[in-house]
Amino acid sequence: MKLLLATANKGKIAELQTLCASEEIEVVSINDQNIPNLDVEETGETFAENAELKARAFARATGLPVLADDSGLEVDAIGGKPGVKSARWVSGTDNDRNKALLEKLAHETNRRATFKTVVCYLENPNAEPLFFEGTISGTIATTLSGSEGFGYDPLFIPEGHNKTFAELGVEVKNTLSHRARAFKKAVEYLHSSAAK
Ligand code: IMP
């Protein structure tokens with residue numbers, strides 16, 4: 001089957017392609033010809049709502065089965081923020097947001113946080129949405145470390161490790177990340193539904 005991943009992010013596309021390699025699923029994306037690059041406003045209040053908004057828009061525009069994801073970082077000491085606003089709660093760059101988070105947690109001993117991804121699958125534009133969630137718990141470091149990845153990777157130390165995602169590198173991150181876990185569940189579903 002052909003499956004559209006509603007993103008232009010090359011890291012996400014490569015990750016899903018690897019998971020689908022043995023599944024006879026051809027992953028296409030916004031970077032492919034004939035797929036429109038829709039700018040879908042993320043107006044939802046939850047990861048699931050935003051993932052569905054994106055999936056629905058692309059399913060309507062292409063008629064293809066679509067996967068769309070929405071992710072963010074939930075920090076315990078600030079009531080689960082920045083959450084769905086992870087990309088935009090402070091204007092500027094990833095580095096600006098990392099610094100702002102360090103400031104917010106400057107006097108906090110509870111540094112627990114969770115990365116969360118919700119993937120929405122739509123088999124066709126009118127289908128009921130199916131959701132798959134992936135999480136990874138960890139802590140927020142007191143300084144920025146590492147140069148790989150993006151977003152909050154230089155601050156996030158996944159549980160069971162003592163280095164940030166940005167130090168561990170993309171290969172290690174892809175074996176345990178929230179997104180990898182959510183994508184894996186979605187691909188397992190597609191595999192089992194194809195077998196029926
Ligand atoms: P998106 O929904 O995958 O685009 O993620 C929204 C925002 O959450 C990103 O712009 C980052 O700020 C943050 N984020 C999501 N996943 C990650 C990750 O794996 N590492 C670091 N930051 C992330």
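**The largest pocket.** Start with the largest pocket of this predicted model. About 700 Å³ of space lies in it. Select Lys12, Asp70, Ser71, Ala87 and Phe150: of the 33 residues that line the largest pocket, these come closest to its centre.

Now color by element. Four elements give two or more residues to the lining of the largest pocket: α2 (47–62), β3, α3 (94–104) and α6. Highlight β3, which gives the most to this lining, with five residues. Then switch to coloring by residue class. The lining holds twelve nonpolar, nine polar and twelve charged residues.

**The ligand.** What takes up the space of the largest pocket? The ligand does. Select the elements β3 (66–75) and α6 (178–194), which give two or more residues to the shell around the ligand. β3 supplies the largest share of that shell, four residues.

Next, show the shell itself. There are 15 residues around the ligand, and Lys12, Ser71, Asp153, Lys173 and Arg179 come nearest. By class, the shell divides into four nonpolar, five polar and six charged residues. Lys12 and Ser71 are worth keeping on screen, as they are named both among the residues nearest the ligand and among those closest to the pocket centre.

**Polar contacts.** Zoom in on three distances.

- Ser71: a polar backbone atom lies 2.9 Å from an oxygen atom of the ligand.
- Tyr152: a polar backbone atom is 3.1 Å from a nitrogen atom of the ligand.
- His178: here a polar side-chain atom sits 3.1 Å from a nitrogen atom of the ligand.

How much of the ligand does the protein bury? Taken alone, the ligand exposes 480 Å², and the protein buries 87% of that. Toggle the protein surface on and off to view the covered ligand.

**Backbone stops.** Leave the ligand and turn to the backbone. Most residues other than glycine have a negative phi, and most peptide bonds are trans. Two places depart from these habits.

Select Lys81 and Pro82. A cis peptide bond joins them, with omega at about 0°. Pro82 belongs to strand β4 (residues 81–82).

Finally, go to Asn34. Which sign does its phi have, positive or negative? The phi of Asn34 is positive, about 75°, although Asn34 is not a glycine. Look for Asn34 in the loop between β2 (26–29) and α2. That α2 is also one of the elements giving two or more residues to the lining of the largest pocket.

Terms used: Residues numbered from 1 in each chain as written. Predicted model: local features only at pLDDT ≥ 70, side-chain atom pairs only at ≥ 80, totals over all residues. Heavy atoms only, no water. Near = heavy atom within 4 Å. Polar contact = N/O pair within 3.5 Å; in protein donor to acceptor, adjacent residues only side chain to side chain. Areas by Shrake-Rupley, 256 points an atom, 1.4 Å probe, with all protein chains shown as cover. 1 Å grid on protein atoms, 1.4 Å probe; cavity = no way out; pocket = protein on both sides within 12 Å on 5 of 7 lines; lining within 4 Å. Sits in = over half its atoms within 2 Å of the grid points. Nonpolar A, V, L, I, M, F, W, Y, C, P; charged D, E, K, R; others polar. Points joined across faces, edges and corners; volume = space filled by probe spheres on them.
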